[in-house]
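Hi everyone, thanks for coming. I'll put the structure up in a second, and then we'll walk through a few bits of it together.

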Amino acid sequence: MVLDSKLPEGPIAEKWEKHKFNVKLVNPSNKRKYDIIVVGTGLAGASAAASLAELGYNVKAFTYHDSPRRAHSIAAQGGINAAKNYQNDGDSIYRLFYDTVKGGDYRSREANVYRLAQVSVNIIDQCVAQGVPFAREYGGLLANRSFGGAQVSRTFYARGQTGQQLLLGAYSALSRQVAYGKVKLYTRSEMLDLVTVDGQARGIITRNLLTGEIEQHAAHAVVLATGGYGNVFFLSTNAMYCNATAAWRAHKKGAYFANPCFTQIHPTCIPVSGDYQSKLTLMSESLRNDGRVWVPATKETAERLRKGEIDVNDIQEDDRDYFLERKYPAFGNLVPRDVASRNAKQMCDEGKGVGSTGLAVYLDFADVIKRTSAEAVSQKYGNLFDMYAKITGENPYERPMRIYPAVHYTMGGLWVDYNLQTTVKGLYATGECNFSDHGANRLGASALMQGLADGYFVIPYTIGDYLASTPPKPVTTEDPAFAEATAAVQARVQQMMSINGTRTPDDFHKKLGNLMWEYCGMSRNAEGLRFAKQEIAKLRQEFWSDLKLAGTETEMNQALEKAGRVADFLELGELMVDDALDRNESCGGHFREEYQTPEGEALRNDDDYAYVAAWEYMGDNQPEKLNKEELTFENVKLTQRSYK
Amino acid sequence: MAGSNPNAKPMNLTLKVWRQKNRVSEGGIVDYKVKDISPDMSFLEMLDVLNEDLLRQGQEPVAFDHDCREGICGSCNLFINGRAHGPEQGTTTCQLHMRKFSDGDTITIEPWRAAAFPINKDLSVDRSAFDRIIQAGGYVSINTGGTPDANEIPIPKDIADRAFEAATCIGCGACVAACKNASAMLFVSAKVSQLALLPQGHVERKTRVENMVAQMDLEGFGACTNIGSCAAECPVGISLENIAILNQEFLSAKATSNNLA
């Protein structure tokens, strides 16, 4: 299959306008004859479900949570970018586009990113009209702050809980459509398979998480807004339930998986404190506006500190190394996430790490507190400081925070064309679930922007193009494909229940996570990746012969839910390793140790690797096939990314 | 200095946990022992340890709701030693850490108790009543697109801040669990206040409050008797002032509207 990204012709600034004119429309009285399934109710899903229902389509929205409002978008802290240029500081749609392509280390599609920057301004208007309480200045207008990878202030925010406020806005729009009867909401329902009929997406199979019932749902189109796969690593900043199952099932039914090895390691997370650790907590990137990152200047000082012989507040200025400010004077503490993370790792590898494990660096607010006041800092970051204090038992107003990089976001995802359609007709992917806009590294405050852009302003236009060519006849679950998919899902559930081995789902998940973090994490090399591939295959075998579950499949069974997700992680993990092995270059979050500049920065290979790696499932235990979508850059010149 | 206190010793604890097979079956307290609990663990990580032990022994783990473990998704909802979200003020269950307990402690863990929150299993309850209250009017009725430029709606900073404070409700239901009447007034008032304070919400101000209150009553939540335990136990500090605003909004709506509900 030749990958057709369906990019519109013409100058970049006109592509989206032209495309909107060229796509087919479904007339208003026909829209009610089409059913659309939206899986996931985070920013990308709730905004899509609400907007499609407003247009007149019949929407069925699914979430495995007890309420749409629990989706993990809720935890996004820092903000959302938009090219409003309210600050008069030189921002523009073109600059946001440029920053995002550069920030992604030139591995994203120009046209998609440009569209994202264009609609970013509409998102802010939309959210404000919904009653989202963004931060404001005394004059009553909206406030902005700056974020990594940009030299303008374009980030809109609601203290440290922007994701919560945006999601509650989308949730309110969704709730309104539920009340109108245009959205039927299915909570505690987990998608376990995609149903295709004659190569077209026609429905999904779900499991009711309270009763265990396996259910069939048919529609004319299916939208997956099911988030990212960062929990492959076990420990990440993702919520506990975040998983890849819906996307992975779609992949096995024909949707290509793009750039799976592009994962983002966020530099500022609270470090691991013990083996029992269940997840990691992010400290928003916005903290790097005011916090200064440092380690002791010498290994000796760091060692004495770790042993508790000296206290952090005893270390004099001369004995501190503000390594980001030293190495990147232009961007300082606000370098992009991949650069900040790698540098923190490098400091710790050199023995200058702090905390009892030596796997942490400081993020220090002493300067800003002195310059302004503790109260001013609390106004800006209060909830983050409180969270840090609760988790660590330390007061960040008095001692610098200890931070370390952690898995945060996955840039890879289901391959989609310009319409956000996957390689399966009628199957769409939005938000973190797709691969399209962030290249090899996502800039801060861009995930919320992309999720809402896809849901509010892209999919409502593009899905009509497909539906207009599909007859508006009712769809049912009578096709044998539904019965087949249901039987396969039931068989898999029963197989897991009947193994009766000795090891829990979490046990396998932790082992997988360790392998992925060690060999396919912040830095990778061919040897380690080959080793990880073997080990994952072994672990997968052990899973299917030694899994331990309890209870039954016909009731609420959280261990069974987890087991299904881990089984899919065990397959996806191997594909991530394959992808990382294929990409013989370093770019963004993908750092192959073999490919670096003399200064230790990522060394891209644009001649051979300026492509999207789109992996095609070829059957159980078969190697996946690599399909390439060549990336062409007509507007942004490919350069060595420099933040010095 | 990993964690707060490198010298803190692991703890052994007795847990008294509510177990209930499903919505219709009878439940009861079951005792469990957990050993070597680190003070740096979160409360839910302590329950993870218990659940891993149970599963390895072939017993069913304790079902409980949780997800983000950052205090923001509102999923977690444990009634610990007689208090919603446990002993620490302004803290969700997931952000409660074991350093708040001592070696040898006995900890009682129950689900939210309210007629409007039926128990699914063990410690998991059904809070879909909250969703239905929002569906009754917790929004501004605008469609996607066609909205004015964001800065065309200036809002005084103090008003925006107050609306934000109300909007931070995480929908966990601690207010209901803490209330002797199982009233949902704090939850409902937070949304009503947010939208009543903001100009965007003014158009539907009267119908919103009437419809949301009517739905709240329909769901079987109790009446408010102004005790204030809801606000005292709210993990994100939603103020009791919101209930005053709700009452004011409701009365003024009833006095002047078509009495929709």
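**Where the chains meet**

Okay, so let's begin at the interface: 76 residues of chain B are in contact with 68 residues of chain A. Keep in mind, please, that what you're looking at is a predicted model.

Which elements supply the B side? Those giving two or more residues to the surface that touches chain A are α1 (43-56), β6 (119-121), α2 (128-135), α3 (157-167) and α5 (185-197), each of them in chain B. And the biggest contributor there is α1(B), with seven residues. If you like to think in terms of chemistry, that side of chain B splits into 30 nonpolar, 29 polar and 17 charged residues.

Right, over to chain A and its sheets.

There's an open sheet of five strands in chain A, with the order β6-β2-β1-β10-β18, and the pairing is parallel. On the edges you'll find β6 (183-186) and β18 (427-429) of chain A, each of which pairs on one side only. Going from one strand to the next, the twist averages 20°.

Let's zoom in on one edge of that. Strand β2 of chain A, residues 58-62, runs parallel to β6(A), and four bridges join the two. If you want a pair to click on, A:Lys60 has A:Lys184 in β6(A) as its bridge partner.

Now a different pairing. Take strand β12 of chain A, residues 263-269: is it mostly covered or not? Mostly covered, yes, with seven of its seven residues buried. Its link to strand β16 of chain A, residues 401-410, is antiparallel, through five bridges. Here A:Ile265 is the one that stands opposite A:Val407 in β16(A). As a general reminder, side chains in a regular strand alternate between the two faces of the sheet.

Last stop, one single residue. A:Phe323 sits in helix α9 of chain A, which covers residues 323-327. Why does A:Phe323 count as buried? Because it has 21 C-beta neighbours inside 10 Å, and the cut-off for buried is 20 or more.

So who's around it? Setting aside neighbours within four places in sequence, A:Phe323 is in contact with A:Val293, A:Trp294, A:Val295, A:Asn343 and A:Met347. And for a sense of scale, try the distance to A:Lys33: that residue is 290 places away from A:Phe323 along the chain, and their C-alpha atoms are separated by 60 Å.

That's my tour, so over to you.

Terms used
Residues are numbered from 1 along each chain as its sequence is written. Chains are lettered from A and ligands numbered from 1 in the order in which they are written. This is a predicted model: local features need pLDDT of at least 70, side-chain atom pairs count only at pLDDT 80 or more; totals for chains, interfaces and linings use all residues. A residue is buried if 20 or more other C-beta atoms lie within 10 Å of its own, exposed if 12 or fewer, and partly exposed in between; C-beta atoms are placed from the backbone. Two strands pair if DSSP finds at least two bridges between them. Two residues are in contact if their C-beta atoms, placed from the backbone, lie within 7 Å. Ala, Val, Leu, Ile, Met, Phe, Trp, Tyr, Cys and Pro count as nonpolar, Asp, Glu, Lys and Arg as charged, and the others, Gly among them, as polar. Axes are lines fitted to C-alpha atoms, for helices over the stretch in contact, and angles run from 0 to 180 degrees between N-to-C directions.
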